[in-house]
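Reader: I keep meeting words like "buried" and "paired". Please show me how such words are earned.

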Amino acid sequence: MDFFELAADRRSVRIYEPGSQISDAELKNIFDTVILSPSSFNVQHWRFIVVRDQARKTELRSIAYGQAQVEEAAAVVLVCGRLNAYEDAPRIYADADEATRDKYLPMIEGVYKDQPALQREEAVRSGSLAAMSLMYAAKALGWDSGPMIGFDAAKVGAMLKLDGNTVPVMMVVLGKAAAGKQVQRAYRRPVSEVVSLEWSGGDTLA
Ligand SMILES: Cc1cc2nc3c(=O)[nH]c(=O)nc-3n(C[C@H](O)[C@H](O)[C@H](O)COP(=O)(O)O)c2cc1C
């Protein structure tokens, strides 16, 4: 399946075949690609918590307002973002040349230190890009997915023992779509409505 077929075929799946299991090796394949996602200054804010245990998925379902896919999918991935990811910059830039380190390390600290709103924005931004990579990589390897924000973030944080520097970005459920039970692709705004050339009121694409 080439990329365009894959993108056209990816859907937010809510009804899964019961009993499918995703192995460590399959998850590793998926996440080997996910970690190639871009992030601001390459600080890689993302963290992922994978829940496969059935009782824990059932508990997560109750935190996700009863949404059945959380219990019925093979895995629930909580995509998180680290607010203080920028503090790892010295490690991330350890192999860079001295000129690069001298330029970027002070810049990164200057941008993020004591900037809680920006720290959160970047954590969510990077986590969201990683979540999209996760859904495409999963699809390429034969797994369907569904992004979700319909859950109680404080309760999920407590259940999964997130530390104070880690915020939930979204859940992504992974599983095998139940055959014949998927709904039509929902309405999409046309390109002509969402793309402007040169400025916000400019021409669009035909
Ligand atoms: C950030 C985000 C949160 C979402 N939360 C939920 C959710 O809690 N439950 C759900 O069933 N779908 C959820 N969705 C899926 C959207 O409803 C879905 O992407 C949209 O209807 C378009 O459908 P498609 O992805 O199949 O094209 C979410 C999607 C995104 C991007």
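Author: Start with one definition. A residue is exposed if 12 or fewer other C-beta atoms lie within 10 Å of its own, and buried if 20 or more do. Keep in mind that this is a predicted model.

Reader: Which residues of helix 2 are called exposed on that rule?

Author: Ala25, Lys28 and Asp32 are exposed. So each of them has 12 or fewer other C-beta atoms within 10 Å.

Reader: And which residues of helix 2 are called buried?

Author: Leu27, Ile30 and Val34, in the helix that spans residues 24-34. Each therefore reaches the cut-off of 20 or more.

Reader: How do you know on which side of helix 2 the buried residues lie?

Author: Look at the arc around the axis. The buried residues cover only 65°, which puts them on the same side of helix 2. The exposed residues Ala25, Lys28 and Asp32 are on the other side. There is a general reason too. An α-helix has 3.6 residues a turn, so residues three or four places apart point the same way.

Reader: What covers the buried residues of helix 2?

Author: The cover includes strand 1 (46-51) and helix 7 (116-140).

Reader: How much of the protein chain counts as buried?

Author: 31% of its 206 residues.

Reader: What makes strand 2 and strand 4 a pair?

Author: Two strands pair if there are at least two bridges between them. Strand 2 (residues 75-82) and strand 4 (residues 166-175) are joined by 8 bridges. So they meet the rule. They run antiparallel. One of the bridges links Cys80 with Pro168 of strand 4.

Reader: Why are strand 1 and strand 3 called edge strands?

Author: The sheet is open, and its 4 strands come in the order 1-2-4-3. Strand 1 and strand 3 each pair on one side only. Neighbouring strands are turned by 25° against each other on average, direction ignored.

Reader: What packs on this sheet?

Author: Helix 7 does, and it touches strand 1, strand 2, strand 3 and strand 4. Its direction makes about 10° with that of strand 4.

Reader: Which strand gives the largest share of the shell around the ligand?

Author: Strand 3 (residues 144-148), with 3 residues. The surrounding residues include Gly146, Pro147 and Met148.

Reader: How many residues of that shell are charged?

Author: There are 3, beside 5 nonpolar and 4 polar ones. Arg counts as charged, and Arg11, Arg14 and Arg185 are among the residues around the ligand.

Note on methods
Residues are numbered from 1 along each chain as its sequence is written. This is a predicted model: local features need pLDDT of at least 70, side-chain atom pairs count only at pLDDT 80 or more; totals for chains, interfaces and linings use all residues. A residue is near a molecule or strand if its C-beta atom, placed from the backbone, lies within 6 Å of it. Helices (H or I, at least four residues) and strands (E, at least two) are DSSP runs, numbered from the N terminus. The arc is that of the directions from the helix axis to the C-beta atoms. Two residues are in contact if their C-beta atoms, placed from the backbone, lie within 7 Å. Axes are lines fitted to C-alpha atoms, for helices over the stretch in contact, and angles run from 0 to 180 degrees between N-to-C directions.
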